[in-house]
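Me: I would like a close look at one part of this model. Please take me through the core and its surroundings, and tell me how far to trust what I see.

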Amino acid sequence: MADITEIQLPGVGVRYEFTTADGDNVGVVCHHGGRREIVVYTSDDPDRAHSVLSLGSDDSRTLSEMLGASQVSEAMHAMEQRIEGLALDWLEVTAESSLTGRTLADGDLRSRTGASIVAVIRGETTEPAPGPDFVLLAGDVAVAVGSPESLEQLRVAVRS
Amino acid sequence: MTGVLAAAGGEVALAFVEIGAVALALAMLSRLAGRMGITAIPLYLLAGLAVGEGGVATLDVSEDFISLAAQIGVLLLLFTLGLEYTGEELQTGLRTGAVPGIVDAVANFAPGLGLGLLLGWETTAAVLLGGVTWISSSGVVSKVLTDLKRLGNRETPSILNLLVIEDLAMAIYLPVVAALIAGQDAAATVLTVMGAVVAVVVILVLAIRFGDRLSAMLAGGSDESLLLTVFGLTLLVGGLAEQVQVSSAIGAFLVGLALTGQVRDRAEELIGPLRDLFAATFFLFFSFQIEPSTVAEALVPAVGLTVVTVFTKVLSGHISAGRSGIGPAGRMRAGTALIARGEFSIVIASLGVSLADGDDLGGLAAAYVLLTAIVGPLAAKYADSLPRPPSRRRVLTSGG
């Protein structure tokens with residue numbers, strides 16, 4: 001985690017500041033009454049706070065809930081759900097993958113790995129039970145079912 | 001009880017009508033100020049001039065009543081100012097702000113003192129005018145910073161720390177002028193001042209050390225009981241402080257300082273409306289006592305004083321922000337944000353009403369606060385487009 005600097009603002013509250021991994025300087029002004037302001041500093045005048053977002057104490061709780069919640073769902077996402085020897089996994093098809101632009105039949109994945117692709121998530125839509133002529137595109141997320149070992153083989157096949 | 005009311009019935013009716021009409025007029029002015037984006041203080045001062053002696057419509061409401069209400073206004077102003085700060089913040093302010101604070105005091109006290117002496121006033125009145133030009137208005141400055149969304153800016157801590165120093169310096173300055181006004185001989189004055197300083201330091205330490213315990217004691221109970229307790233404590237401590245020549249305003253400030261945590265937040269919410277009501281009365285009453293012609297006569301010196309002290313305040317802001325490593329643009333914003341004088345200047349000037357030069361001091365202070373309270377927020381708003389003094393950093397980059 002990045003270092004957080006704390007600066008006292010007499011009569012107002014406290015300002016916290018940190019630099020993101022991308023190099024942006026972000027500050028949060030915490031008022032005595034519980035109001036929060038999120039500010040960003042730009043390079044042309046590093047002392048000046050820009051694009052101020054003002055939050056009531058309820059809003060801050062909502063926002064932190066959202067930021068925290070997404071981390072929880074990411075963790076959920078990475079977790080394989082095992083049901084009596086059967087595992088479920090989400091695999092992203094990248095542009096570099098050899099499967100990109102090819103049909104599921106071309107990939108011959110089930111006989112090669114033993115795992116089945118039961119659904120494909122493309123953007124906002126989901127294709128349940130894709131047929132053998134379904135073409136995989138970069139960015140697709142394949143939902144696969146199989147034994148843990150077969151899923152591991154599928155993961156290697158998708159990545160290569 | 002009913003007998004008293006009935007006997008004074010006609011008078012009371014008239015007083016209600018007058019006070020009601022004035023309050024409505026102030027409400028309109030406050031709304032107008034909000035729309036113009038400035039503090040209402042200058043407009044209240046103008047209103048006071050209009051209804052005071054020699055104004056367009058003279059009011060004859062009981063002066064005793066209004067004057068007492070005005071004094072309560074000062075106490076509540078100072079009390080809520082004390083509420084703003086925690087002991088920790090005062091310590092940070094003192095640590096980082098001592099040197100800029102001294103520069104600020106010298107650079108901004110001198111012009112007022114100098115002009116007072118130049119006008120041939122007695123020394124005490126000149127010392128009061130020095131105080132008028134010295135202290136920036138915490139109220140106006142924090143409103144400007146909030147309205148311009150600059151609370152997150154990096155120069156802002158240096159502005160706020162300077163305000164802390166000024167407010168703390170008042171705790172020493174006010175007892176000193178109180179002793180000067182009392183007009184004792186030199187030895188007695190020194191003794192009174194020393195006594196006052198010791199009293200202030202003792203109360204300050206007690207407030208910071210035992211503030212938590214006091215707040216915990218007040219935490220239970222209804223809003224009503226808290227309101228009455230806090231109001232009572234402020235007046236009681238203020239009155240006792242006045243008795244020992246420390247100035248009631250500082251007593252109230254220290255009570256505010258002592259409150260912490262949830263009690264602090266609740267007290268702010270409860271006393272806030274009361275403060276607004278009484279403080280408006282104070283500003284009105286201050287200029288109510290002033291002949292409009294005195295203000296008109298003071299206009300030329302006031303403009304001169306404004307020009308000089310705009311520069312000296314910008315200078316203090318520059319130095320304070322510069323010490324925190326702020327760039328030229330930020331230093332200009334810090335300097336201009338501090339220009340406005342307001343409530344404190346009027347409180348200081350109001351101490352001198354009993355002096356021989358009190359009327360002139362009042363007129364000049366009113367005109368001066370009118371000017372700076374309008375110029376300050378405007379200068380702060382357009383600070384980024386003002387010409388900046390050449391900085392060392394820029395010379396270096398153009399040279400290399």
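Reply:

**The core and its setting**

Read from start to end, chain A runs β-β-β-β-β-α-β-β-α-α-β-β-β-α. That makes four helices and ten strands. This is a predicted model, so confidence scores come with it. The model as a whole has an ipTM of 0.72 and a pTM of 0.75.

Chain B is built another way, with 17 helices and zero strands. Its radius of gyration is 21 Å, close to the 21 Å from the globule rule for 400 residues, so chain B is as compact as a globular protein of that length. The C-alpha trace of chain B spans about 90 × 50 × 50 Å along its principal axes.

Now burial. In chain B, 51% of the 400 residues are buried. In chain A, 21% of the 160 residues count as buried. Contacts across the sequence come next. Take the contacts with a separation of 6 or more. In chain B, 79% of them join residues 24 or more positions apart. In chain A, the share is 43%.

**The largest core**

Nonpolar side chains tend to be buried together in soluble globular proteins. Here the largest nonpolar core has 125 residues. Within this core, Tyr44(B), Phe253(B) and Phe283(B) touch the most other members. Helix H8 of chain B, residues 156–182, gives the largest share of this core, 14 residues. Another core lies apart from it, with 14 residues. Its members include Leu109(A), Ala142(A), Ala144(A) and Leu151(A).

What does Phe283(B) contact, leaving aside its neighbours within four places in sequence? The partners are Ile41(B), Tyr44(B), Leu45(B), Gly48(B) and Ile346(B). Tyr44(B) is also one of the residues that touch the most other core members.

Phe286(B) is worth a stop too. This residue is found in helix H12 of chain B, which covers residues 261–288. Is Phe286(B) buried or exposed? Phe286(B) has 27 C-beta neighbours inside 10 Å, and 20 are enough, so it counts as buried. Beyond four places in sequence, Phe286(B) is in contact with Gly48(B), Ile346(B) and Ser350(B). Gly48(B) and Ile346(B) are also on the contact list of Phe283(B). Val244(B) sits 42 residues from Phe286(B) along the chain, and their C-alpha atoms are separated by 25 Å.

**How H12(B) meets H9(B)**

Helix H9 of chain B covers residues 186–219. Its axis and that of H12(B) come within 8 Å. They cross at roughly 65°. The crossing of H9(B) past H12(B) is left-handed. On the H9(B) side, the residues are Ser215(B), Leu218(B) and Ala219(B). They meet Gly261(B), Gln262(B), Val263(B) and Arg264(B) in H12(B).

**Where the chains touch**

The contact between the chains takes 23 residues from chain B and 18 from chain A. Which elements of chain B give two or more residues to this side? They are helix H5 (87–118), H8 and helix H14 (328–337). H8(B) gives the largest share of that side, five residues. H8(B) is also the helix with the largest share of the big core.

**A strand residue in chain A**

Val141(A) lies in strand E10 of chain A, residues 141–146. There are 15 other C-beta atoms within 10 Å of Val141(A), and a count between 12 and 20 is the middle class, so this residue is partly exposed. Leaving aside neighbours within four places in sequence, Val141(A) is in contact with Trp90(A), Leu91(A), Glu92(A) and Ile121(A). Gly27(A) is 114 residues away along the chain, and the two C-alpha atoms are separated by 35 Å.

**How far to trust it**

Chain B averages a pLDDT of 85, and 92% of its residues score at least 70. Among the elements of chain B, helix H6 (residues 123–134) has the highest mean pLDDT, 95. Helix H17 (residues 392–399) has the lowest, 42.

Read both ends of chain B with care. Over residues 1–5 of chain B, pLDDT stays under 50. The model has one contact beyond four places in sequence for that stretch. Over residues 392–400 of chain B, pLDDT also stays under 50. There the model has two such contacts.

Terms used:
Residues numbered from 1 in each chain as written. Chains lettered and ligands numbered in written order. Predicted model: local features only at pLDDT ≥ 70, side-chain atom pairs only at ≥ 80, totals over all residues. Rg over C-alpha atoms; globule rule 2.2 N^0.38 Å. Contact = placed C-beta atoms within 7 Å. Core = buried A, V, L, I, M, F, W, Y, C linked by C-beta atoms within 7 Å. pLDDT = per-residue confidence, 0-100. Axes fitted to C-alpha atoms, helices over the stretch in contact; angles between N-to-C directions. Left-handed = near helix turned anticlockwise from the far one by under 90°.
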